[in-house]
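Biologist: I should like to go through this structure with you and ask how each description is justified.

Modeller: Please do; I shall set each value against its definition.

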Amino acid sequence: MRRVLVLGGTGFLGAHLVDAFTATGAEVLSASRGGPLSVDLTAAGPDELASVLRGIAPDVVVNAAGRAWQASEEEMLRANAEAVETLVAALTRLPSRPRLVQLGSVHEYGPGTVGTGTSEHEVPAPVTAYGRSKLRGSRAVLDGVRAGGLNGVVLRLANVCGPGAPRGSLLGAVAARLADHSGAGPVELRLSPLRARRDFVDVRDVAAAVVAAADLPYPDGAKPVVNVGRGVAVPARDLVDRLIALSGVPVRIVETPEAGARRDDVEWQQLDISRARLLLGWRPRRGLDESLRDLLASGRTAVAA
(Lines give C-alpha, C1' and ligand atoms only; values in the text may rest on other atoms or scores of the structure.)
Protein backbone atom coordinates (compact mmCIF):
# COMPACT_ATOMS: atom_id res chain seq x y z
CA MET A 1 0.00 0.00 0.00
CA ARG A 2 1.36 3.39 -0.96
CA ARG A 3 1.85 5.82 1.92
CA VAL A 4 1.06 9.47 1.24
CA LEU A 5 1.90 12.35 3.56
CA VAL A 6 -0.19 15.51 3.04
CA LEU A 7 1.37 18.54 4.68
CA GLY A 8 -1.35 21.06 5.49
CA GLY A 9 -3.82 18.20 5.39
CA THR A 10 -6.47 19.94 7.51
CA GLY A 11 -6.71 22.99 5.26
CA PHE A 12 -9.02 23.70 2.33
CA LEU A 13 -6.84 22.03 -0.29
CA GLY A 14 -5.34 19.49 2.07
CA ALA A 15 -8.65 18.01 3.19
CA HIS A 16 -9.69 17.35 -0.41
CA LEU A 17 -6.28 15.84 -1.16
CA VAL A 18 -6.64 13.44 1.77
CA ASP A 19 -10.02 12.33 0.40
CA ALA A 20 -8.69 11.91 -3.15
CA PHE A 21 -5.67 9.80 -2.17
CA THR A 22 -7.74 7.73 0.26
CA ALA A 23 -10.12 6.91 -2.59
CA THR A 24 -7.19 5.37 -4.50
CA GLY A 25 -6.57 2.92 -1.65
CA ALA A 26 -3.46 4.70 -0.36
CA GLU A 27 -2.57 4.99 3.30
CA VAL A 28 -2.85 8.73 3.88
CA LEU A 29 -1.30 10.66 6.75
CA SER A 30 -2.52 14.21 7.29
CA ALA A 31 0.00 16.54 8.93
CA SER A 32 -0.52 20.10 10.08
CA ARG A 33 0.67 22.49 12.73
CA GLY A 34 -1.07 21.50 15.94
CA GLY A 35 -2.89 18.52 14.39
CA PRO A 36 -2.80 14.87 15.53
CA LEU A 37 0.30 14.44 13.38
CA SER A 38 2.03 17.73 14.15
CA VAL A 39 4.53 18.99 11.58
CA ASP A 40 5.40 22.70 11.59
CA LEU A 41 7.55 23.43 8.55
CA THR A 42 8.16 26.99 9.74
CA ALA A 43 9.71 25.84 13.03
CA ALA A 44 11.55 22.58 12.27
CA GLY A 45 15.11 22.45 10.95
CA PRO A 46 16.15 20.13 8.08
CA ASP A 47 17.65 17.47 10.36
CA GLU A 48 14.66 17.44 12.69
CA LEU A 49 12.23 17.23 9.78
CA ALA A 50 14.30 14.51 8.10
CA SER A 51 14.07 12.47 11.31
CA VAL A 52 10.27 12.81 11.30
CA LEU A 53 10.09 11.80 7.64
CA ARG A 54 12.27 8.74 8.23
CA GLY A 55 9.80 7.59 10.86
CA ILE A 56 6.84 8.10 8.53
CA ALA A 57 8.59 6.66 5.44
CA PRO A 58 6.19 8.17 2.87
CA ASP A 59 6.22 7.23 -0.80
CA VAL A 60 4.65 10.59 -1.70
CA VAL A 61 4.77 13.95 0.07
CA VAL A 62 2.30 16.65 -0.97
CA ASN A 63 2.99 20.13 0.31
CA ALA A 64 -0.36 21.88 0.66
CA ALA A 65 0.84 23.99 3.58
CA GLY A 66 1.43 27.74 3.34
CA ARG A 67 -0.08 31.17 3.89
CA ALA A 68 -2.13 33.24 1.47
CA TRP A 69 -4.92 35.16 3.15
CA GLN A 70 -4.66 37.63 6.02
CA ALA A 71 -0.90 37.12 6.34
CA SER A 72 1.96 39.61 6.39
CA GLU A 73 4.74 39.54 3.82
CA GLU A 74 7.07 38.09 6.45
CA GLU A 75 4.57 35.34 7.33
CA MET A 76 4.11 34.42 3.68
CA LEU A 77 7.86 34.33 3.11
CA ARG A 78 8.35 32.04 6.09
CA ALA A 79 5.51 29.65 5.20
CA ASN A 80 5.71 29.65 1.40
CA ALA A 81 9.45 29.91 0.80
CA GLU A 82 11.64 29.19 3.81
CA ALA A 83 9.51 26.22 4.88
CA VAL A 84 9.79 24.69 1.40
CA GLU A 85 13.55 25.15 1.44
CA THR A 86 13.63 23.26 4.74
CA LEU A 87 11.43 20.51 3.32
CA VAL A 88 13.65 20.10 0.25
CA ALA A 89 16.76 19.93 2.43
CA ALA A 90 15.11 17.32 4.66
CA LEU A 91 13.97 15.15 1.75
CA THR A 92 17.46 15.07 0.24
CA ARG A 93 18.76 13.67 3.55
CA LEU A 94 16.56 10.56 3.30
CA PRO A 95 17.95 7.19 2.17
CA SER A 96 15.01 6.82 -0.24
CA ARG A 97 13.51 9.71 -2.15
CA PRO A 98 9.72 10.04 -2.02
CA ARG A 99 7.94 11.98 -4.75
CA LEU A 100 7.33 15.57 -3.65
CA VAL A 101 4.34 17.38 -5.16
CA GLN A 102 4.70 21.09 -4.42
CA LEU A 103 1.57 23.19 -4.87
CA GLY A 104 2.59 26.44 -6.53
CA SER A 105 0.42 29.29 -7.76
CA VAL A 106 -0.61 31.17 -10.87
CA HIS A 107 0.48 34.29 -8.97
CA GLU A 108 4.08 33.23 -9.53
CA TYR A 109 3.75 34.28 -13.17
CA GLY A 110 2.58 37.83 -12.59
CA PRO A 111 0.48 39.65 -15.21
CA GLY A 112 -0.79 37.51 -18.05
CA THR A 113 -1.22 38.57 -21.66
CA VAL A 114 -4.85 39.43 -22.35
CA GLY A 115 -6.49 36.90 -24.63
CA THR A 116 -3.89 34.13 -24.15
CA GLY A 117 -2.96 31.50 -21.61
CA THR A 118 0.32 31.54 -19.71
CA SER A 119 2.44 28.43 -20.31
CA GLU A 120 5.07 26.81 -18.12
CA HIS A 121 7.75 28.29 -20.41
CA GLU A 122 6.83 31.83 -19.37
CA VAL A 123 9.50 33.53 -17.26
CA PRO A 124 7.86 34.19 -13.87
CA ALA A 125 7.60 37.85 -12.87
CA PRO A 126 5.37 38.04 -9.77
CA VAL A 127 4.13 41.47 -8.70
CA THR A 128 2.91 40.58 -5.21
CA ALA A 129 4.49 39.42 -1.98
CA TYR A 130 2.43 36.24 -2.17
CA GLY A 131 3.57 35.48 -5.71
CA ARG A 132 7.20 36.16 -4.85
CA SER A 133 7.08 33.90 -1.81
CA LYS A 134 5.46 31.07 -3.78
CA LEU A 135 7.99 31.42 -6.60
CA ARG A 136 10.89 31.16 -4.16
CA GLY A 137 9.37 27.95 -2.81
CA SER A 138 8.92 26.54 -6.32
CA ARG A 139 12.51 27.41 -7.21
CA ALA A 140 13.74 25.52 -4.16
CA VAL A 141 12.03 22.40 -5.52
CA LEU A 142 13.28 22.94 -9.08
CA ASP A 143 16.84 23.54 -7.86
CA GLY A 144 16.63 20.31 -5.85
CA VAL A 145 15.49 18.39 -8.92
CA ARG A 146 18.25 19.88 -11.09
CA ALA A 147 20.87 19.00 -8.48
CA GLY A 148 19.73 15.38 -8.74
CA GLY A 149 18.82 14.85 -5.11
CA LEU A 150 15.07 15.47 -5.25
CA ASN A 151 12.21 13.63 -6.92
CA GLY A 152 9.82 16.56 -7.24
CA VAL A 153 7.21 18.28 -9.37
CA VAL A 154 5.59 21.72 -9.06
CA LEU A 155 1.93 22.19 -9.92
CA ARG A 156 1.11 25.86 -10.51
CA LEU A 157 -2.54 26.17 -9.55
CA ALA A 158 -5.08 28.66 -10.81
CA ASN A 159 -7.43 30.28 -8.28
CA VAL A 160 -9.06 27.36 -6.47
CA CYS A 161 -12.78 27.35 -5.65
CA GLY A 162 -15.41 24.86 -4.57
CA PRO A 163 -16.74 23.46 -1.28
CA GLY A 164 -14.93 24.72 1.79
CA ALA A 165 -13.23 27.70 0.12
CA PRO A 166 -11.83 29.91 2.90
CA ARG A 167 -13.47 33.15 3.94
CA GLY A 168 -10.27 34.98 3.07
CA SER A 169 -10.86 34.32 -0.64
CA LEU A 170 -13.28 36.38 -2.73
CA LEU A 171 -15.75 33.58 -3.42
CA GLY A 172 -15.38 32.09 0.05
CA ALA A 173 -16.13 35.46 1.65
CA VAL A 174 -19.20 36.08 -0.52
CA ALA A 175 -20.52 32.54 0.02
CA ALA A 176 -20.11 32.91 3.78
CA ARG A 177 -22.13 36.13 3.81
CA LEU A 178 -24.86 34.53 1.72
CA ALA A 179 -24.95 31.45 3.97
CA ASP A 180 -25.26 33.68 7.04
CA HIS A 181 -28.29 35.49 5.60
CA SER A 182 -31.21 35.36 8.01
CA GLY A 183 -33.85 36.38 5.50
CA ALA A 184 -34.43 39.81 7.04
CA GLY A 185 -33.80 42.16 4.13
CA PRO A 186 -31.07 42.24 1.49
CA VAL A 187 -27.38 41.61 2.17
CA GLU A 188 -24.99 44.47 1.47
CA LEU A 189 -21.68 43.23 0.08
CA ARG A 190 -18.82 45.72 0.22
CA LEU A 191 -16.18 44.47 -2.18
CA SER A 192 -13.06 45.77 -3.84
CA PRO A 193 -13.64 46.70 -7.51
CA LEU A 194 -14.32 43.52 -9.49
CA ARG A 195 -12.45 44.39 -12.68
CA ALA A 196 -10.13 41.40 -13.08
CA ARG A 197 -10.54 38.23 -15.10
CA ARG A 198 -9.30 35.10 -13.37
CA ASP A 199 -8.78 31.42 -14.10
CA PHE A 200 -10.76 29.43 -11.48
CA VAL A 201 -10.59 25.66 -11.01
CA ASP A 202 -12.54 23.36 -8.71
CA VAL A 203 -10.64 22.02 -5.70
CA ARG A 204 -11.67 18.43 -6.50
CA ASP A 205 -10.21 18.76 -10.00
CA VAL A 206 -7.01 20.04 -8.39
CA ALA A 207 -6.95 16.98 -6.14
CA ALA A 208 -7.28 14.70 -9.16
CA ALA A 209 -4.32 16.46 -10.80
CA VAL A 210 -2.21 16.02 -7.66
CA VAL A 211 -3.00 12.29 -7.55
CA ALA A 212 -1.91 12.01 -11.19
CA ALA A 213 1.27 14.00 -10.51
CA ALA A 214 2.24 11.61 -7.72
CA ASP A 215 2.97 8.96 -10.39
CA LEU A 216 4.27 11.21 -13.14
CA PRO A 217 7.53 10.00 -14.71
CA TYR A 218 9.59 12.78 -16.26
CA PRO A 219 11.83 12.29 -19.28
CA ASP A 220 15.40 13.51 -18.86
CA GLY A 221 15.68 17.27 -19.16
CA ALA A 222 11.95 17.96 -18.77
CA LYS A 223 11.07 20.92 -16.59
CA PRO A 224 8.97 19.53 -13.71
CA VAL A 225 6.34 22.29 -13.73
CA VAL A 226 2.71 21.74 -14.74
CA ASN A 227 -0.12 24.28 -14.82
CA VAL A 228 -3.45 23.22 -13.33
CA GLY A 229 -6.51 25.36 -14.06
CA ARG A 230 -9.56 25.51 -16.30
CA GLY A 231 -7.69 27.45 -18.99
CA VAL A 232 -10.38 30.15 -19.12
CA ALA A 233 -10.27 33.71 -17.78
CA VAL A 234 -13.63 34.56 -16.19
CA PRO A 235 -14.67 38.05 -15.05
CA ALA A 236 -14.66 38.11 -11.25
CA ARG A 237 -17.87 40.15 -11.29
CA ASP A 238 -19.62 37.46 -13.33
CA LEU A 239 -18.66 34.80 -10.79
CA VAL A 240 -19.92 36.86 -7.87
CA ASP A 241 -23.16 37.63 -9.70
CA ARG A 242 -23.66 33.94 -10.49
CA LEU A 243 -22.97 32.91 -6.89
CA ILE A 244 -25.60 35.41 -5.73
CA ALA A 245 -28.10 34.18 -8.31
CA LEU A 246 -27.62 30.56 -7.25
CA SER A 247 -28.12 31.50 -3.61
CA GLY A 248 -31.47 33.25 -4.16
CA VAL A 249 -30.47 35.86 -1.57
CA PRO A 250 -31.27 39.53 -2.27
CA VAL A 251 -27.97 41.41 -2.42
CA ARG A 252 -26.71 44.94 -2.97
CA ILE A 253 -23.07 45.13 -4.07
CA VAL A 254 -21.01 48.16 -3.18
CA GLU A 255 -17.63 48.24 -4.90
CA THR A 256 -15.13 50.36 -2.99
CA PRO A 257 -11.32 50.29 -2.74
CA GLU A 258 -11.71 50.61 1.03
CA ALA A 259 -13.64 47.33 1.24
CA GLY A 260 -10.39 45.40 1.68
CA ALA A 261 -6.81 45.39 0.51
CA ARG A 262 -6.41 43.64 -2.84
CA ARG A 263 -3.79 40.94 -2.91
CA ASP A 264 -2.73 41.88 -6.40
CA ASP A 265 -3.43 44.24 -9.24
CA VAL A 266 -3.15 41.71 -12.07
CA GLU A 267 -6.09 42.20 -14.40
CA TRP A 268 -5.79 38.96 -16.44
CA GLN A 269 -4.95 35.42 -15.36
CA GLN A 270 -5.39 32.44 -17.64
CA LEU A 271 -3.27 29.31 -17.64
CA ASP A 272 -2.31 27.21 -20.63
CA ILE A 273 -3.17 23.71 -19.38
CA SER A 274 -2.14 21.72 -22.46
CA ARG A 275 0.86 20.25 -20.63
CA ALA A 276 -1.39 18.87 -17.89
CA ARG A 277 -3.46 17.11 -20.54
CA LEU A 278 -0.34 15.68 -22.18
CA LEU A 279 1.69 14.61 -19.14
CA LEU A 280 -0.98 13.92 -16.51
CA GLY A 281 -3.83 12.78 -18.74
CA TRP A 282 -5.84 15.34 -16.78
CA ARG A 283 -8.48 17.89 -17.61
CA PRO A 284 -10.93 19.88 -15.46
CA ARG A 285 -14.25 18.05 -15.22
CA ARG A 286 -16.38 20.34 -13.05
CA GLY A 287 -18.05 23.46 -14.34
CA LEU A 288 -18.10 26.64 -12.31
CA ASP A 289 -21.83 26.34 -11.57
CA GLU A 290 -21.18 23.00 -9.85
CA SER A 291 -18.32 24.54 -7.87
CA LEU A 292 -20.41 27.52 -6.81
CA ARG A 293 -23.43 25.41 -5.82
CA ASP A 294 -21.26 23.12 -3.72
CA LEU A 295 -19.51 26.11 -2.16
CA LEU A 296 -22.89 27.51 -1.10
CA ALA A 297 -23.99 24.12 0.22
CA SER A 298 -20.84 23.71 2.32
CA GLY A 299 -21.27 27.22 3.72
CA ARG A 300 -24.86 26.53 4.72
CA THR A 301 -23.84 23.24 6.31
CA ALA A 302 -21.20 25.05 8.35
CA VAL A 303 -23.73 27.65 9.51
CA ALA A 304 -26.22 24.96 10.49
CA ALA A 305 -23.53 23.12 12.44
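Biologist: In which strand does Val254 lie?

Modeller: The model is a predicted one, and in it Val254 belongs to strand β13, which covers residues 251-255.

Biologist: Why is Val254 called buried or exposed?

Modeller: The relative accessible area of Val254 is 18%. Buried means under 20%, so Val254 is classed as buried.

Biologist: What does Val254 touch, apart from residues up to four places away in sequence?

Modeller: Val254 touches Glu188, Leu189, Arg190 and Leu191. Contact here requires heavy atoms within 4.5 Å. By way of contrast in position, Val254 and Ala20 are 38 Å apart, C-alpha to C-alpha, with their places 234 residues apart in sequence.

Biologist: How do you know that β8 and β13 pair?

Modeller: Pairing requires at least two bridges, and β8 (residues 187-191) is joined to β13 by five bridges in the parallel sense. One of the bridge partners is Val251 in β13, which stands opposite Val187.

Biologist: What makes the two faces of β8 covered and uncovered?

Modeller: Val187, Leu189 and Leu191 form the covered face of β8, while Glu188 and Arg190 form the uncovered one.

Biologist: Why is helix α5 called largely enclosed?

Modeller: Helix α5 spans residues 170-179, and seven of its 10 residues are buried, so the rest of the structure largely encloses this helix. The buried residues are Leu171, Gly172, Val174, Ala175, Ala176, Leu178 and Ala179. Their cover includes β7, β8, β10, α7, β13 and α9.

Biologist: Two of those covering elements are helices, α7 and α9. Why is α7 called oblique to α9?

Modeller: The axes of α7 (residues 236-247) and α9 (residues 288-304) cross at roughly 55° and come within 10 Å. Roughly parallel requires an angle under 35 degrees, and roughly perpendicular requires 65 to 115. The angle meets neither condition, so α7 is oblique to α9. The crossing is right-handed.

Biologist: Which residues make the contact between α7 and α9?

Modeller: On α7 they are Leu239, Arg242, Leu243, Leu246 and Ser247. On α9 they are Leu288, Asp289, Leu292, Arg293, Leu296 and Arg300.

Biologist: Let us turn to the seven-stranded sheet. What is the order of its strands?

Modeller: The order is β3-β2-β1-β4-β5-β6-β11, and the sheet is open, with parallel pairing.

Biologist: What makes β3 and β11 edge strands?

Modeller: Each has a single partner strand, so one side of β3 (37-38) and one side of β11 (225-228) are left without a neighbour in the sheet.

Biologist: How do you know that β4 pairs with β1 and with β5?

Modeller: The requirement is at least two bridges. Four bridges link β1 (residues 3-7) to β4 in the parallel sense, and four link β4 to β5 (residues 99-105), again parallel. Val62 of β4 is the bridge partner of Val6, and Val62 also stands opposite Val101 in β5.

Biologist: Which way do the residues of β4 point?

Modeller: Val60 and Val62 point one way and Val61 and Asn63 the other, and all are buried.

Biologist: How many bridges join β5 to β6?

Modeller: Seven bridges join β5 to β6 (residues 151-157), and the two strands run parallel. Val101 stands opposite Val153 in β6. Helix α3 packs on the sheet, touching β1, β4 and β5, and its direction makes about 165° with that of β5. Together, β4, α3 (residues 73-91) and β5 make a right-handed β-α-β unit.

Biologist: Why is α2 called oblique to α3?

Modeller: Helix α2 (residues 46-56) and α3 pack at about 60°, with their axes 8 Å apart. Roughly perpendicular begins at 65 degrees and roughly parallel lies under 35, so α2 is oblique to α3. The contact is made by Pro46, Leu49, Ala50 and Leu53 of α2 and Thr86, Leu87, Ala89, Ala90 and Leu91 of α3.

Biologist: Why is Arg136 called partly exposed?

Modeller: Arg136, in helix α4 (residues 129-146), has a relative accessible area of 33%. Buried means under 20% and exposed over 50%, so Arg136 is partly exposed. Beyond its neighbours within four places in sequence, Arg136 is in contact with Leu77, Ala81, Glu82 and Glu85.

Terms used:
Residues are numbered from 1 along each chain as its sequence is written. This is a predicted model: local features need pLDDT of at least 70, side-chain atom pairs count only at pLDDT 80 or more; totals for chains, interfaces and linings use all residues. Side-chain values use heavy atoms; hydrogens and water are left out. Buried means under 20% relative accessible area, exposed over 50%, partly exposed in between (1.4 Å probe, protein chains only). A crossover is right-handed if, with the strands pointing away from the viewer, the path from the first strand over the helix to the second runs clockwise. Axes are lines fitted to C-alpha atoms, for helices over the stretch in contact, and angles run from 0 to 180 degrees between N-to-C directions. Angles under 35 degrees count as roughly parallel, over 145 as roughly antiparallel, 65 to 115 as roughly perpendicular and the rest as oblique. A crossing is left-handed if the near helix is turned anticlockwise from the far one by less than a right angle, and right-handed if clockwise.
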